[in-house]
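Me: Please take a close look at one part of this model, the aromatic rings that gather together, and then set that part in the context of the whole chain.

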Amino acid sequence: MDNLKSSKLDFWSIFFLGVNSIIGSGIFLLPNKVYKDIGMTSIIVILINAFLALSLALCFAECASRFKENGSAFLYSKAAFGNFMGFEVGIFTWFIGIVSWAAETQGFLTILNSLFPALKDPLYNKILVVIICSLLGLLNYSGVDFSKILNNIITITKLIPLVLFISIGIFYIHLHDFIPFITQISSNIFSSNFGSATLLIFYAFTGFDLLAVAAGDMKNPQKNLPKAIISVICFCSIFYLIIMLICIGILGNDLGNTTVPIASATSKFLGNFGFLFVTIATLISIGGITIALSFIAPRSIVAMSENNYFPKKFAKVGKHNTPGLAIFLSTLIVIILGTYGDFIFLAGLTVIARLVEYIPTAFAVIVLRKKLATEPLYKIPFGITIPIFAILVSLWLLSQATLEKVLFGLGGLILGGILYFIKIKGKN
């Protein structure tokens, strides 16, 4: 019993898990795009997303505290709304892993392009996507255990360049670059680009749901989980805000003209060495995340198969003790998505898929309070105010998506519905 208790995650373990889950390619690759669209109003966008991420994370925390299983959003949706909604959300949980894998692959190539400009050629890009994803699929099928070596590498390589950038870059800020702050905010906050920029930068805040999923492995989750969620979101938000301010203060309007904002800003005070150091560290970090996603994404199909949400053959393991069919299908779809869209498109598509998962969870908080007699271990304060806020802002974000991304989302919902009724018909 003592050994079991000691194996539980304490507050700081939960905190670092959350930081590692949230901070990724988004902060390395999105500041330039957001600044180009709305200038210094990007600072307001970061604050809006911070409040949204916190409110959604608290919804996950309350739902997670009701269940011993680690089913995440599809488990909460199934309990609140029934099998069909659970199935649809489960499909999107898998889709999130697929699109995130494709987005990180394109993010890796975006960074690589800054070192080798010839690779910007669309044909080379598509060839590299096929090669990288196929290799990761084969490695995955071979049974290589990534988890034991990746977590520390990813955490260190993503944080070192960012901490270096903040600790040194803050002394190289040009305050005159902030003079048009009020003017830009007043003109951009009502522009058509404001909503799309808010939608895009939310990609940098996703991943907080992993904290709530791990509630069963935490010490005193009723106390530590909400405290950790608030701490993680606040830390990442302040971290992002400082990075954005430094990027603006060093690069000024040039921020909108670079594809690697942090590396470009670092080169201003550390020269070519700084650019190369941050670029290589970013490649290692995004590469590690990509490998991790290639491992995680197929397991979503396996989990659904084991819960009778998908044909059982997708959970079947082969001679390497790996789910070959699930890996093959996931890899194939990632290659299709990765060769179709660039990082910006895929990051936006990931957010759409995330919101389809997040919104039912926020609704589930309200429904489960009425549907279940037992109280959750953790209950969000202020009644249903926070879930309602999360739902409304999430729906507003969805409304800012382009028609192309909406069609992808609708396609996923329709496909999920078809698969569900095929499954139901097959049982009857």
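**A cluster of aromatic rings**

Reply: Trp12, Phe15, Phe16, Phe235 and Phe239 make up one aromatic cluster, and it should be said at the outset that the model in which they are seen is a predicted one. The search that covered the whole structure found 20 aromatic pairs. For Trp12 and Phe16, the ring centres lie 6.2 Å apart and the planes meet at 35°, so this pair is classed as tilted; stacked would require planes under 30 degrees apart, and edge-to-face over 60. As background, a pair of aromatic rings is described by the distance of the centres together with the angle of the planes.

The two residues of this pair both belong to helix 2, which runs over residues 11-22, and because they are 4 residues apart there, about one helical turn separates Trp12 from Phe16. Both of them are exposed.

Two of the other cluster members, Phe235 and Phe239, have numbers that fall within the range of helix 13, residues 221-251, the helix in which Ile238 is found. Ile238 has a relative accessibility of 51% and therefore counts as exposed, the cut-off for that class being over 50%. From C-alpha to C-alpha, Ile238 is 9.2 Å from Ile46, although their positions lie 192 residues apart in sequence.

Ile46 has a number within the range of helix 5, residues 42-64, and Ser42 is found in that helix. With a relative accessibility of 1%, Ser42 counts as buried, since buried means under 20%. Once its neighbours within four places in sequence are left aside, Ser42 is in contact with Val34, Tyr35, Met244 and Ile248.

Turning to the whole chain, the protein has 18 helices and 0 strands. Its radius of gyration is 21 Å, close to the 22 Å that the globule rule gives for 428 residues, so the chain is as compact as a globular protein of that length. The C-alpha trace spans about 65 × 50 × 50 Å along its principal axes, and 54% of the 428 residues count as buried. Among contacts with a separation of 6 or more, 83% are between residues 24 or more positions apart.

As for the surface, the protein chain exposes about 18900 Å², of which carbon and sulfur atoms supply 69%. The chain carries 29 positive and 18 negative charges, and the mean positions of these two groups are 7 Å apart.

Conventions:
Residues numbered from 1 in each chain as written. Predicted model: local features only at pLDDT ≥ 70, side-chain atom pairs only at ≥ 80, totals over all residues. Heavy atoms only, no water. Phe/Tyr/Trp six-rings, centres within 6.5 Å; stacked < 30°, edge-to-face > 60°. Buried < 20%, exposed > 50% of the residue type's maximum accessible area, 1.4 Å probe, protein only. Rg over C-alpha atoms; globule rule 2.2 N^0.38 Å. Contact = heavy atoms within 4.5 Å. Areas by Shrake-Rupley, 256 points an atom, 1.4 Å probe, with all protein chains shown as cover. Lys, Arg positive; Asp, Glu negative; His and termini not counted. Charge placed at Lys NZ, Arg CZ, Asp CG, Glu CD.
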